[in-house]
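Welcome! Here are some short exercises to work through with the model in front of you. Ready to begin?

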Amino acid sequence: MENRDFVKHNCDHYSDHRYDHMNKRKFGSKEVDVCIVGAGAAGSVVACELSRAGLEVVVIEAGPFWNPQTDFASDELAMQKLAWNDTRIVAGSDPLSMGHNNSGRGAGGGTVHFTGVFYRFHESDFRTKTLDGVGEDWPITYKDLEPYYSKIEQDIRVSGPRVFPWGTFHGPYPYPEREPVSANAQVFRRGCEALGIRSTVAPLAILSAPFDGRPPCTNRGFCNQGCMPNAKYSALIHHIPRAIGYGAEILTDSMVTRVLTDRNGERVTGVEFVHDGQTYHQEARVVVISAFVVETPRLLLNSATSRHPGGLANCSGLVGKYIMPHTGHDIYARFDDEIRFYKGTPVLAVSQEFYETDLKRGFVRGYTFNAHGSRPVTMAKTLASGAGIWGKQLREIMTDFNFYARVTLVGEVLASPDNRVTLADEKDEYGLPRALVTFSYGENDNRMIAHGVARANEILEAAGGRPAFVVPDTAHLHGGCRMGSDPQKSVVNRFCQSHDIPNLYICDASVFVTSGGANPTETVMAIAARTAAHLIDIMSKGRPQREPASAAGRS
Amino acid sequence: MMTGENMSTVNSHYAGYNVLNRMDEWDSHTKEIVRRRLGPFPERQFLSEREWAYLSIIAEHIVYDNRADIIEWIVHHCDRKFADETGEGERKKGIPPEKILIREGLKALDHAARLSYGCDFGGLDVEQQFQLLADLQQGKAAYIPQWSLVPQKALFNKLASEMVSAYYSHPAVWSEIGYGGPMYPQIYVRIEEGLVEPWEARRNGK
């Protein structure tokens, strides 16, 4: 998707150099060590780590290189541009909302407009087949990711509660918990307390004290519109500038249209990309695709050759399958006193009391509650599109805008092969088939949603609110190139290396085997850091080879 | 312009509050974005004169307001949005691209109005307009073959979601609902229950 913004951005960025054309490339005529497709949560971490280790890295990002001071604004409508708005065709019984709901565009990707909620997955998330008989086990465990969770938290100074009561990690976090919390978070915690449900201040990728020349959060509440004071972490202001400092070259407004392979189809040789109507090639010893759950499978499928007629890395036929969103149902209650949930960081209090399986509830797996502030456009638009409310009724509800509190249900969705990304008949401006994204909730998902909505209403009621409305929604995306030990049943191995082509890596939320019941960004970044460590290790020994069969089952 | 009950008199909890009073505190990029919503608006790009008039009528019903300047902003927003090539985020399988959905959809609305009421959509009285839109939302407007190309609910949802987004981006509406509006480089220090910054909207009588 080409950039059509009014503001002109540079497209080529490397240490001490910025250009608005491609004529002064650093690595333009060279086979670099690693070419990374996508500068989001995953690609930026990989780029930073690899270039720090001395590898030559080019990152190619479809969207612009944002400048928070001149591109961001305190405005919901104008900041919809931070999303990947390119049209996807959606289908299934519960067709997904895309755009701002789950994807980013430009350097930093989704981290530019995420809420900064930063959770580790629980140990059970990696073993749902063994423990609950659903989904598939990951080829890695929590223990494999633990050092990388710690590293990422330390690198970006995550703030969090003194004690986090759930899962394996109970703190401490590098930076102290946020204080004070917003009224919306207070009523949530009061409701939880009344019902004996534990809650905490949210762990956040948002500063609670100065770091790296950046200030602590100012509570303006516009996390989803891009943080202007730079208090919230984004790859745009942390990993990308560091990668550039370590020697990486970042190309923006450049859409990768194809991953290239050698004549035998045994190795990838680089990528083809389009900038400003011109087609370019970048050669690389290793290609890492970090383009998220829709664009990663789409790129692999659109890169089909006679040797790989079903798309690259797709001998298993699983590229695009098993995609999972989170449930994102918003539960609103009306209070007699003002809440003003536009103020403060949107998510400041949370509970994972219902995260682990409890069969008495009538479903397996579980969910997180995020006390979740909102703003007028988001609230009114979702009431109109998600709940069918308009006209006089909507106007009257919105008159009481300041009197609502909201809880969002971030629930685990189980994997199904029918939920998938395929190619549509319709083509985009590059002549490439658009993505067709099919999604339907399953039985277990729906039972979990019913449970979560009822609990959320009880919590808000216990705090003095009157249940008002529930807006069905989804958030986040995972899967589509799941990792696994068996090349028949997965697309990449435990290090995100594709089973079929040893120098092709896929590193983003698409490798998730299960979705977990919590915001996924920290896990995406931890997997990226682990993949980077692996690449640094093997690239010091030459080009990546296929894993020996005997090692494939180990983790 | 709608007649009948006056839509603009929904009771605000914050009479007299004007979010624009603090506009000088906003960063220049945000200021410019919001200022453009107050008009005058540049030439229309996508909509015909007739389509513009229809969207104005529809907007008054969707947002339940008939202040001319706000309605003009909403339709201007729709015009720019539908002219833009950026993409729709998502589009349900079988639904035509939004340019076709809107253009053909508004023609279909005329056909359905003629079938049910004997005149074009523009000639309906307020009650009939409302009824036709309510039917559209339910997919129950008079049967015509065009609805298979431009499904009624998709047309309604596209319009409702753009119009509501624009309406709740207008500073006059922000003032009415007591929303604090843009906030940078200013900061909030009073975010807990019961606390408001000195400049924030105060409830009537408080």
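**Exercise 1: an unusual backbone angle**

A:Arg157 counts as buried, because 20 C-beta neighbours lie inside 10 Å. The cut-offs are these: a residue is buried with 20 or more other C-beta atoms within 10 Å of its own, exposed with 12 or fewer, and partly exposed in between, with C-beta atoms placed from the backbone. This is a predicted model, where local features need pLDDT (the predictor's confidence in each residue, from 0 to 100) of at least 70, side-chain atom pairs count only at pLDDT 80 or more, and totals for chains, interfaces and linings use all residues. Residues are numbered from 1 along each chain as its sequence is written, while chains are lettered from A and ligands numbered from 1 in the order in which they are written.

Task: find where A:Arg157 lies and describe its phi.

Step 1. Look in the loop between α4 and α5 of chain A; helices (H or I, at least four residues) and strands (E, at least two) are DSSP runs, numbered from the N terminus.
Step 2. The phi of A:Arg157 is positive, about 60 degrees, although the residue is not a glycine.
Step 3. Most residues other than glycine have a negative phi.

**Exercise 2: a cis bond**

Task: locate the cis peptide bond that joins A:Gly171 and A:Pro172.

Step 1. Go to the loop between α4 (142-156) and α5 of chain A, the place of A:Pro172.
Step 2. Read omega for this bond: about 0 degrees.

**Exercise 3: where the chains meet**

Task: how many residues does each chain bring to the contact?

Step 1. Chain A brings 54 residues and chain B 45, counting C-beta atoms, placed from the backbone, within 7 Å.
Step 2. On the side of chain A that touches chain B, α9(A) gives the most, with seven residues.

Notes: Contact = placed C-beta atoms within 7 Å.
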